[in-house]
2 protein chains.
Amino acid sequence: MNQSLQKLKTKMTEHELDLIYIDEPNLVGYFTGFESNPHERVLALFLMNNNIFLFTPSLEAKDAETHSSIETIVSYKDEENPWTIIESHLSSYDQPIKRMGIIENNLTVERYNHLMHSTNAQETMDISSAIQDIQLIKSTDEINKMKYAGEMADKALEIGMNALKVGISEQEVVAEIEYEMKKRGISEMSFQTMVLFGDHAGSPHGNPGERTLKEHEFVLFDLGVVAEGYTSDVTRTVAFKSVSQEQKDIYEVVLSAQKAAQSAVKPGMTTGALDEIARSIIEEAGYGDFFTHRLGHGLGKTVHEYPSLSKGSTMVVEEGMCFSLEPGIYIENQIGVRIEDCVYVTADGCIPFTRTNKNLITL
Amino acid sequence: MNQSLQKLKTKMTEHELDLIYIDEPNLVGYFTGFESNPHERVLALFLMNNNIFLFTPSLEAKDAETHSSIETIVSYKDEENPWTIIESHLSSYDQPIKRMGIIENNLTVERYNHLMHSTNAQETMDISSAIQDIQLIKSTDEINKMKYAGEMADKALEIGMNALKVGISEQEVVAEIEYEMKKRGISEMSFQTMVLFGDHAGSPHGNPGERTLKEHEFVLFDLGVVAEGYTSDVTRTVAFKSVSQEQKDIYEVVLSAQKAAQSAVKPGMTTGALDEIARSIIEEAGYGDFFTHRLGHGLGKTVHEYPSLSKGSTMVVEEGMCFSLEPGIYIENQIGVRIEDCVYVTADGCIPFTRTNKNLITL
């Protein structure tokens, strides 16, 4: 039993659970070593006090045997009802299930209903925060994987910057970056690669399209890769040919906010305090209304983990946490600037996973 | 109010619902025209008898106003509790919600709990099948989009075949295909592009990796693109240099099964009967145990829609349905062959979205 699974077992005992059910593919991968996306089919880990099994679609059973750390694989064919097989397998253990741990922010109502029927459980408990706790503090091994993912993200930025020329479209730059990444063995990006030109970056969640690059505008890159099952995430905004003083001024405000937050990171403070440090700098410069999202988010196996760095959040920063610091200023139809590093927390500060220069780069 | 929303309204009346709640991003896009992936944030459509609003994260509010067909946009900031805002907005309508329609196979238990609290609903009904009904029969406009997505998938196959050479890796071929697609304006593939060489294709859901190509082996391509919000999906298995008689024989069995199913498609028959036609051919050839998945699945906005073409499925084929026909034979660590076209059903047969030759191509 690997270390993460051992921790989950401890949580199960602590919370007096008879069964923990996990069907989120990333978490199944985290706890079993078997990484797979079953789409609408059922791939789930069933952890009990004396038993554990991995339930898979039959077309994944062989792969699961090879790659997972779990010995017992139970599978079902497309034409079979998975819940009938689960019910019969559970009953073979002859251990009544009273209290069941589930992940409420991932489990669907449909599967919840099936699960309650198949287990005869009397009550459920949300184990999301227990799992976030297990994943919150990264091991050296995990941080090493994230460092590599960060290096590849720096490489991706370099490729993107080198691709810039008058008339190229956002999506062509995205294609160039992802092609070069794939050639280097990166089969998946952390999320849809963002390359946004000029006014197009004024919407913080725009999509790269056919917009072509002109001189004297900003280019916003927001990207990350998945490497060995761990993610990176980085944002840089660069100038394509010289930009105006106003553009530079906005850039400097965001940069100050980002650097201030990054150099303030220390175990013992709250994540809300970090948001406040960045936000107050942007507010004092008069752009408070244009920083429309939280300062950052945790990352690890995904880019959507704990902690959240939002206004007022009270989670205490600890050594081994990994999160993004990504202030931005967005003026609709005009300009968008965001600068982001993800960092891991050390005993007395933090170290970024990405190293690309943050001073304004003019290409 | 667009046509899809009008149909949803009719379903609401039929089922005596006071509110329909939808937060699956693809469906929000289908019903409102606003395509966005909010990740863990809440993006949801609230449809009532006399009111309708789209609830969005504040950083998406402007885009939603521009792109959605819904006039009332209600939004929340990261530091706010979305459910408090939803509760207060709903109460402003002063219309009691007794019966609520939800999508059980997508709604999470967490959101279900919040929703029950915010609406004070007394009962819920699963509207999944009502929505699948609305989406099941594609309009001419939808089929035209899918034809274009099919053309691009054919193009992707051509690019992939042209890239094959001794020593190239699976992931390099994937990179080449996706790069050329991005250059043609395709920003998203329908699913992770599959390129599998020789014995590696013996697992029906393998992942492309560093395996390099040798002469006299099969190459399996399974890919699709998203174009104008609609998907394509196609599989071809080609021979790289001459292959053995045994390889050819297996190919011919799969081809017969695929062609037999495709030429049998007709309104009025069941999808289970189509599965049976393909499966019996493979069984008679002695490979029944090696065809380990269903014959096909519906597709449209996603590649996971109704109908399912599985053993025993009783859904009746109708004009305007779109689905895959994809028999395969997989012998672990030896060989994998799959051939797939997706088709749309006409009054007296079906027409494929993809046109790449299905006779064995030797490169």
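This passage describes how two chains of a predicted model meet and how one helix of chain A sits beside a sheet.

A helpful starting point is the relation between the two copies. Two copies of a chain are related by a rotation about an axis and a shift along it. Here, a turn of 180 degrees and a shift of 0.0 Å along the axis lay chain A on chain B with an RMSD of 0.1 Å. The two copies are thus related as by a two-fold rotation axis. Within chain A, Thr108(A) has the C-alpha nearest that axis, at 2.1 Å from it.

The interface itself comes next. In chain A, 41 residues are in contact with 41 residues of chain B. Three helices of chain A, namely H3 (58-67), H5 (109-119) and H8 (170-183), each supply at least two residues of the side that touches chain B. H8(A) gives the most to this side, with eight residues. By type, the side of chain A that touches chain B holds ten nonpolar, 15 polar and 16 charged residues. Of the interface residues of chain A, 100% are also interface residues in chain B, so the copies meet through the same surface.

What does the pairing of H8(A) with its counterpart in chain B look like? Two packed helices are described by the angle between their axes and the distance between the axes. The axes of H8(A) and H8(B) come within 9 Å and cross at roughly 180 degrees. Angles over 145 degrees count as roughly antiparallel, and H8(A) is therefore roughly antiparallel to H8(B). On the chain A helix, the contact is made by residues including Gln171(A), Val174(A), Ala175(A) and Tyr179(A), and on H8(B) by residues including Gln171(B), Val174(B), Ala175(B) and Tyr179(B). Taken over both helices, the residues of this contact divide into six nonpolar, two polar and eight charged.

H8(A) also has neighbours within its own chain. This helix lies across strands S8 and S9 of chain A, and runs at about 150 degrees to S8(A). Those strands belong to an open sheet of three strands in chain A, with the order S8-S9-S12 and antiparallel pairing. S8 (194-197) and S12 (234-240) of chain A stand at the edges with a single partner strand each, so one side of each is left without a neighbour in the sheet. From one strand to the next, the twist averages 15 degrees. Strands of a sheet pair through backbone hydrogen bonds, either parallel or antiparallel. S9(A), residues 217-223, pairs with S12(A) in the antiparallel sense over seven bridges. Leu220(A), for example, has Thr237(A) as its bridge partner in S12(A).

Notes
Residues are numbered from 1 along each chain as its sequence is written. Chains are lettered from A and ligands numbered from 1 in the order in which they are written. This is a predicted model: local features need pLDDT of at least 70, side-chain atom pairs count only at pLDDT 80 or more; totals for chains, interfaces and linings use all residues. Two residues are in contact if their C-beta atoms, placed from the backbone, lie within 7 Å. Helices (H or I, at least four residues) and strands (E, at least two) are DSSP runs, numbered from the N terminus. Ala, Val, Leu, Ile, Met, Phe, Trp, Tyr, Cys and Pro count as nonpolar, Asp, Glu, Lys and Arg as charged, and the others, Gly among them, as polar. Axes are lines fitted to C-alpha atoms, for helices over the stretch in contact, and angles run from 0 to 180 degrees between N-to-C directions. Angles under 35 degrees count as roughly parallel, over 145 as roughly antiparallel, 65 to 115 as roughly perpendicular and the rest as oblique. Copies are superposed by least squares on the C-alpha atoms of residues with pLDDT of at least 70 in both. Two strands pair if DSSP finds at least two bridges between them.
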